[in-house]
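Q: Could you take me through this structure feature by feature, giving the general idea before each case?

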Amino acid sequence: MKLARSSKIAALAATGALALVGCSSSDSASDSGASDGMIGGAECATGTIKASGSSAQKNAMTEWINAYQTACEGATIEYSPSGSSAGRADFINDQVAFAGSDSAMEGEELSQAAARCDANPPINIPMVGGAIALTYNLEGVDNLVLTPDVTAKIFNNEITNWNDQALADANPGVTLPDAPIAQFHRSDGSGTTDNFTQWLKATAPDAWPYEPGSDWAAKGGQGSKGSDGVAASVKSTPNSIGYVELSFVETQGLKAASVDNGGGAVAPNADTATAGLASAKVTPNADAGAGDLTMEIDYAVQDPAAYPVLLLTYEIACESGNSSDALPLVQSFLTYTSSTDGQSMLSGIGYVPLPAELETQVADAVKSLS
Amino acid sequence: MSTDLKPLDAPTPRVQGSSVRLGDRIFSSLTRGAGIFVLVLMAAIGAFLVWKAIPAFQNNTGNFFTTQEWFPDANPPFFGIAALAFGTAVSSVIAMIIAVPIAIGTALFIAFFASRRASTSLGFVIDVLAAVPSIIYGLWGLQVLMNHMEGITRWLNDYLGFIPIFNNEIGIYTKSIFIASVVLAIMILPTISALSREVFLQVPRDHREASLALGATRWEMIRMAVLPFGRPGVISATMLGLGRALGETIAVALILSAAFEINWHITEPGGNTFAANIALKWNEAGPIGLSALVASGLILFIITLVVNMIARAIIAKHKEFSGANS
């Protein structure tokens, strides 16, 4: 009995030691910066802040917060992925230190939010990039190419069979089956739908007559809840197609179509998507703070190395007039997330790092928060 | 009630008696308070829904009751609940058609036919069925049931396709109102069955034995003694089930394709319900979008109230049969 207990304790101690070793070895990259309270060029701050918003940012935030809290003792950051609109509302009501949002804050919301920032309008800071993949389930077809026009017609139920001539023209030499297309879209409101339909509207306005928005506008097809729902539906339905964030293609082992905007077919991956984001332009909103970094994605980009179906999500923060309790931690944390260290973490979990030039602009914007 | 009875208390009040009456008073005011609290709560919910729904009604450029679109955050906002009302009603009705006969059959079997051992374990299993979270039903419906429903729905289309609701013109049989209805039926089955069973067990032994003594078969005994006695109870059980079907959210949201059109072909992908739509749209809704969702919730609230009032009225009408209600 006694022997058994002492061996148990020994085992416990051994696992504890192992866990400690595991911790320090896996986090060696951030630990090197943390030895003097630094992470990714940011000086550690302490305290507790809350943030909420975009669920598309959830995984990025989780990773960032874990890394930050591991490196910086005494810092607690809570991010609740309650949706972009809810996040912006929380920000306006002064319930969170910053908000994550799939689209930049604009219009009335900016003036409403100014009240909590000591009468200064907040700014939009692009932080997490992503690519939307057209995922499909077609046996024997591994390199499907889609043009904006064909994609719009598929999702608007004008092209309903895989053997359609327009599809054959986009895929010379590929044998496409004579089978009806099972088309899946998001049944819930989503920033992914918003960005996907913005790309369709910008590149195929004739074939896509609907206004872009987070609610699916076309008739027909089948709706699934969440990107995981769409991915699962495509995976389990032969001859199907849907649109999901790139990360789902990787984690679910799905196939993603290359997109030909006119400059040649481009497969979606972190590199081509970063190249696509590089063509996005900063279009500061005059109603926002002076350093606003609202971006306009160039969905019509024709660079053969740049993937065009992109999404870019923002953090919304007070440019000045931050509460003195929250400011150091907000600034320090966002400095880390916009650093090369923070951004390079993204490609491993299905996101797209910001292009270098934008990364610098974002870092400057974060530095100017007060 | 208790005050009416007071004159009958012949003995002169003593210290002990007055303390009992104080307790009575406290207890009766507590129960009255609880009753009033529920009413106030309902009124507060109703008022909240109306108040929050006003911006949606003011800004809507569509017809709130007939439009089959949902773009409350577009400029100008354009939305209506026609498709939601249709989907909610149809899925609930089909669920009732499937669930009620099975539930009553199960209840009768447990109450009168099964051996004591079988009835205990069967009753237990049904109670457990009621405790399964709805997300589980949703995932099961989506990932398991849907794959096995194609045969049935295809058969309905092939052989009963001349009936419009079973006709499937597009050849895709997934994510339909029909599948959602089957899942709803399974979800409300335990509610209806468990309550009906309790009601059937209330049938006075004398009634049953008398009818058997008069030479009735077991079926005749059930038909003449049990069912009339249990009718109000079965109706209220059914209405409780209907309430759950009307308000079921996540299971339906997972299964339905969420289309904003009234489509009588119930085996085709499509359909949407009030509750599912609220769950699907809430996260990304803008200010008018939230208000529009609350407005649709208000309609569901009213529908549920009306359904329950009808159920109450039916029960009140048949009160003379009910031992439980007298």
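A: We can begin with strand pairing, keeping in mind that this is a predicted model. In chain A, strand β8 (residues 182-186) and strand β9 (residues 222-224) pair in the parallel sense, and the pairing runs over 3 bridges. As a specific register point, Arg186(A) has Ser224(A) as its bridge partner in β9(A).

Q: Which other strand pairs with β8(A), and in what sense?

A: Strand β10 (residues 240-245) of chain A also pairs with β8(A), in the parallel sense and over 3 bridges. Here the bridge partner of Phe184(A) is Gly242(A) in β10(A).

Q: How should I read the burial of a strand, and how many residues of β8(A) are buried?

A: In a regular strand the side chains alternate between the two faces of the sheet. In this case β8(A) is mostly covered, since 5 of its 5 residues are buried.

Q: Turning to helices, what span should I expect for α8 of chain A, and what span does the model give?

A: The idea is to compare the distance between the end C-alpha atoms with a rise of 1.5 Å a residue. Helix α8 (residues 191-203) of chain A has 13 residues and should therefore span 18 Å, which agrees with the 18 Å that separates its end C-alpha atoms.

Q: Is α8(A) largely enclosed or largely open?

A: Because 10 of its 13 residues are buried, α8(A) is largely enclosed by the rest of the structure. Among the buried residues are Phe196(A), Trp199(A) and Leu200(A), together with others such as Thr192(A), Asn195(A) and Gln198(A).

Q: Where do the buried residues of α14(A) lie around its axis?

A: Helix α14 (residues 356-367) of chain A has 12 residues and reaches 17 Å from its first C-alpha to its last, close to the 16 Å expected. Its buried residues are Leu358(A), Val362(A), Ala363(A), Ala365(A) and Val366(A). They cover an arc of only 160° around the axis, which puts them on the same side of α14(A). On the other side of this helix, Ala356(A), Glu357(A) and Asp364(A) are exposed.

Q: What do the buried residues of α14(A) pack against?

A: They pack against β6 (122-137) and α12 (327-338) of chain A. Val362(A) from this helix also appears in the largest nonpolar core, which has 111 residues, and is listed there with Tyr68(A), Phe98(A), Ile125(A), Ala131(A), Leu134(A) and Val330(A) as having the most contacts inside that core. The largest share of the core, 9 residues, comes from β6(A).

Q: Which residues is Phe98(A) in contact with, leaving aside its neighbours within four places in sequence?

A: Phe98(A) is then in contact with Ala51(A), Phe91(A), Glu315(A), Ile316(A), Ala317(A) and Val330(A). A second, separate core of 76 residues includes Ala95(B), Ile104(B), Phe229(B) and Ala245(B).

Q: How many helices and strands does chain B have?

A: The secondary structure of chain B comes to 11 helices and 2 strands, and 40% of its 326 residues count as buried. For contacts in chain B with a separation of 6 or more, residues 24 or more positions apart account for 74%.

Q: How many residues of chain B are in contact with chain A?

A: There are 21 residues of chain B in contact with 21 residues of chain A. On the side of chain B that touches chain A, β1 (70-71), α9 (250-255) and α10 (274-281) of chain B each supply at least two residues. By residue class, that side divides into 11 nonpolar, 5 polar and 5 charged residues.

Technical notes. Residues are numbered from 1 along each chain as its sequence is written. Chains are lettered from A and ligands numbered from 1 in the order in which they are written. This is a predicted model: local features need pLDDT of at least 70, side-chain atom pairs count only at pLDDT 80 or more; totals for chains, interfaces and linings use all residues. Helices (H or I, at least four residues) and strands (E, at least two) are DSSP runs, numbered from the N terminus. The expected span of a helix is 1.5 Å times one less than its number of residues. A residue is buried if 20 or more other C-beta atoms lie within 10 Å of its own, exposed if 12 or fewer, and partly exposed in between; C-beta atoms are placed from the backbone. The arc is that of the directions from the helix axis to the C-beta atoms. Two residues are in contact if their C-beta atoms, placed from the backbone, lie within 7 Å. A nonpolar core is a set of buried Ala, Val, Leu, Ile, Met, Phe, Trp, Tyr and Cys residues joined through C-beta atoms within 7 Å. Ala, Val, Leu, Ile, Met, Phe, Trp, Tyr, Cys and Pro count as nonpolar, Asp, Glu, Lys and Arg as charged, and the others, Gly among them, as polar. Two strands pair if DSSP finds at least two bridges between them.
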